[in-house]
Amino acid sequence: MTRSQRPSIYFNVHLVSDSTGETLNAIQRAACAQFENVQPLEHNYYLVRSERQLERVMREIEAAPGVVWYTISDEALRGRLESFCREKRVPTLPVLDASIAMLSRHLGVSANQKVAGQHALDDDYFERMEAINFTLAHDDGQNVESLTGADVILLGVSRTSKTPTCVYLANRKVRAGNIPLVPGVPLPPHIEKMGDKGPMIVGLKISAERLVQIRRARLISLNQDEHTIYADEDAVRDEVTQANRLFQRNKWRTIDVSRRSVEETAAAILNLLNERRGHP
């Protein structure tokens with residue numbers, strides 16, 4: 001039996017946070033991705049900041065034993081959770097402890113144990129919110145006239161992950177907009193006239209074969225006929241060719257997203273932005 005033929009292993013993962021749980025989710029998914037045929041059953045508990053909330057969490061853990069990953073700053077609450085899990089023989093992992101301890105040793109100062117400290121309403125937070133608002137207002141070809149205020153503009157045919165990539169970039173304080181390339185519909189004239197001092201324009205390339213797969217899967221998920229021009233091999237190949245010619249004619253930077261995740265595409269764009277700005 002090959003690895004791909006082995007039955008999947010299902011197990012319970014309890015993610016307990018006194019904040020939004022973003023850190024826990026990211027770490028848990030990155031860790032589980034390293035194991036083939038492993039399917040975590042997520043139980044999420046966010047904003048756990050009281051004894052009453054923790055009681056509910058512990059009842060859930062007892063009902064569905066598995067592993068517990070947590071980020072809780074309050075010493076009393078985390079002490080209760082750890083004691084409970086030891087008693088029930090449930091493995092636990094305080095995911096931030098090692099990182100905080102290393103920084104404390106390096107800096108020579110103690111951590112402040114501040115709940116949700118990464119979400120403080122400071123200048124950084126408001127910059128991120130401003131970028132997110134800009135991105136939502138300039139998604140899928142909206143408000144193209146004001147795209148001159150963008151840091152980056154993504155161009156690509158349908159199903160090249162333009163929107164999720166822009167949202168990811170916005171969470172990194174990048175003002176991103178995107179325009180879909182539709183057969184027979186020209187770009188707004190001012191986009192091709194933007195020079196090096198304007199927003200960075202990036203073309204998202206994709207192989208025709210991969211795009212056909214993605215579009216057919218999309219149509220099937222919507223209970224629509226997959227044999228349409230939208231997913232026709234010849235039509236898609238021509239659409240991709242025209243997009244690539246547009247990118248080449250304008251000498252725009254390009255990224256091949258055929259086998260890239262949104263995170264990988266965004267990371268590549270951030271690198272391009274840093275190079276353009278002269279950052280290391």
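User: Which strands does helix α6 lie across, and how is α6 oriented relative to β6?

Analyst: In this predicted model, helix α6, residues 162–170, lies across β5, β6 and β7, the last of these being residues 200–205. An angle between axes compares N-to-C directions on a scale from 0 to 180 degrees. Here α6 runs at about 175 degrees to β6.

User: In what order do the strands of that sheet stand, and is the pairing parallel or antiparallel?

Analyst: The order is β6-β5-β7-β8, an open sheet of four strands with parallel pairing. β6 (176–180) and β8 (253–256) each have a single partner strand, so they stand at the edges and one side of each has no neighbour in the sheet. From one strand to the next, the twist averages 25 degrees.

User: How many bridges join β5 to β6?

Analyst: Two strands count as paired when at least two bridges are found between them. For β5 (residues 152–156) and β6, which run parallel, there are five bridges. One of the residues to look at is V152, whose bridge partner in β6 is A176.

User: Is A98 buried or exposed?

Analyst: Exposed means a relative accessible area over 50%. A98 has 59%, so this residue is exposed. A98 is found in helix α4, residues 97–107.

User: What distance separates the C-alpha atoms of A98 and P186?

Analyst: The separation is 53 Å, for two residues 88 apart along the chain.

User: Which domains does the assignment give, and what separates their centres?

Analyst: The domain assignment gives domain 1 as 8–105 and domain 2 as 118–275. Their centres, taken over C-alpha atoms, are 35 Å apart.

Terms used. Residues are numbered from 1 along each chain as its sequence is written. This is a predicted model: local features need pLDDT of at least 70, side-chain atom pairs count only at pLDDT 80 or more; totals for chains, interfaces and linings use all residues. Side-chain values use heavy atoms; hydrogens and water are left out. Helices (H or I, at least four residues) and strands (E, at least two) are DSSP runs, numbered from the N terminus. Contact means heavy atoms within 4.5 Å. Buried means under 20% relative accessible area, exposed over 50%, partly exposed in between (1.4 Å probe, protein chains only). Domain bounds come from an automatic or database domain assignment.
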